[in-house]
Amino acid sequence: ANEGLRIALQAPTPDKSIDVILEYLGKALKGERTYVFERNESGGDDNTYEWVASGVTSEIDNLQNLPSEVCANWYQNFSADKNIIIGDLEDIRESDPLQYENLKRQNIHSLAVVPLYDDGRIIGFYGVDNPPGESVDYAQNMLQIVGHFITSCLKRRNLLKELRNMSYSDQLTGIGNRHAMYEYIADMRYGES
């Protein structure tokens with residue numbers, strides 16, 4: 001994990017840092033897909049970052065605003081300080097049918113998922129799909145170790161976004177300021193009024 005973190009720390013943006021660490025973890029854990037899900041304002045879950053191995057289909061576009069019921073059991077486990085470890089998808093067919101169908105549709109047969117915390121509050125989760133069955137526990141440990149780094153990147157991303165918004169809008173009215181106008185003009189095509 002140290003090598004992956006070192007490379008990710010050198011990335012120019014928080015988004016790129018997350019992309020780098022997801023790729024590193026995916027390859028190190030021999031998974032098919034690594035991802036981050038963040039809880040959105042409506043209580044659903046959005047897949048915000050994803051790495052997929054060569055030949056594996058991307059799922060990020062299909063996994064936006066998942067209804068809260070889909071991951072409800074996972075969040076209950078997270079609240080009890082438990083991670084999600086599935087060595088064989090068939091093990092949850094009866095106990096969690098909604099999640100079973102969601103995962104089966106994505107051709108997932110094993111996974112390890114851990115929660116992401118911000119000041120003790122669960123803000124989402126991240127994990128790896130289809131690591132070799134015998135290494136699911138190892139995958140869980142690696143994910144736990146790197147979880148704080150992912151959360152730190154998400155917080156840094158949010159702060160940069162907030163600072164950017166503040167620098168381009170009047171804080172009293174919320175209307176774009178001089179900087180916003182200059183950028184808008186710079187982005188206009190030549191000859192456009």
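This passage walks through the overall layout of the protein, one pair of helices, a nonpolar surface patch and two loop residues.

The structure described here is a predicted model. A good place to start is the overall make-up: the protein contains six helices and five strands. Read from the N terminus, these elements follow one another in the order α-α-β-β-α-β-α-β-β-α-α. The chain thus opens with two helices and closes with two helices. Measured out along the principal axes, the C-alpha trace spans about 60 × 35 × 35 Å. The protein has 193 residues, and 43% of them count as buried.

With this outline in place, the helices α2 and α5 can be considered together. Helix α2 covers residues 14–28, while helix α5 takes in residues 136–168. In general, a pair of packed helices is described by two quantities, the angle between the axes and the distance between them. For α2 and α5, the axes come within 8 Å and cross at roughly 160°. Because angles over 145 degrees count as roughly antiparallel, α2 is roughly antiparallel to α5. The crossing in which α2 passes α5 is left-handed.

Helix α5 also leads to a feature of the surface, since M166 is found in this helix. Together with L159, L160 and L163, M166 makes a nonpolar surface patch of about 370 Å². How accessible is M166 itself? The relative accessibility of M166 is 40%, so this residue counts as partly exposed; the partly exposed class lies between the limits of 20% and 50%.

Two further residues, K30 and N65, invite a look at the backbone. K30 is not a glycine, yet its phi is positive, at about 55°. This lysine sits in the loop between α2 and β1, the latter being residues 33–39. With a relative accessible area of 61%, K30 is exposed, because the exposed class begins over 50%.

N65, likewise a residue other than glycine, has a positive phi near 50°. Its place is the loop that runs between β2 (45–52) and α3 (72–79). Is N65 exposed or partly exposed? At a relative accessible area of 43%, N65 is partly exposed, whereas K30 is exposed.

Key
Residues numbered from 1 in each chain as written. Predicted model: local features only at pLDDT ≥ 70, side-chain atom pairs only at ≥ 80, totals over all residues. Heavy atoms only, no water. Patch = residues over 30% accessible without salt bridge, like charges linked within 9 Å, V, L, I, M, F, W, Y side chains within 5 Å. Areas by Shrake-Rupley, 256 points an atom, 1.4 Å probe, with all protein chains shown as cover. Salt bridge = Lys/Arg side-chain N within 4 Å of Asp/Glu carboxyl O. Helix = DSSP H or I, 4+ residues; strand = E, 2+ residues; numbered from the N terminus. Buried < 20%, exposed > 50% of the residue type's maximum accessible area, 1.4 Å probe, protein only. Axes fitted to C-alpha atoms, helices over the stretch in contact; angles between N-to-C directions. Parallel < 35°, antiparallel > 145°, perpendicular 65-115°, else oblique. Left-handed = near helix turned anticlockwise from the far one by under 90°.
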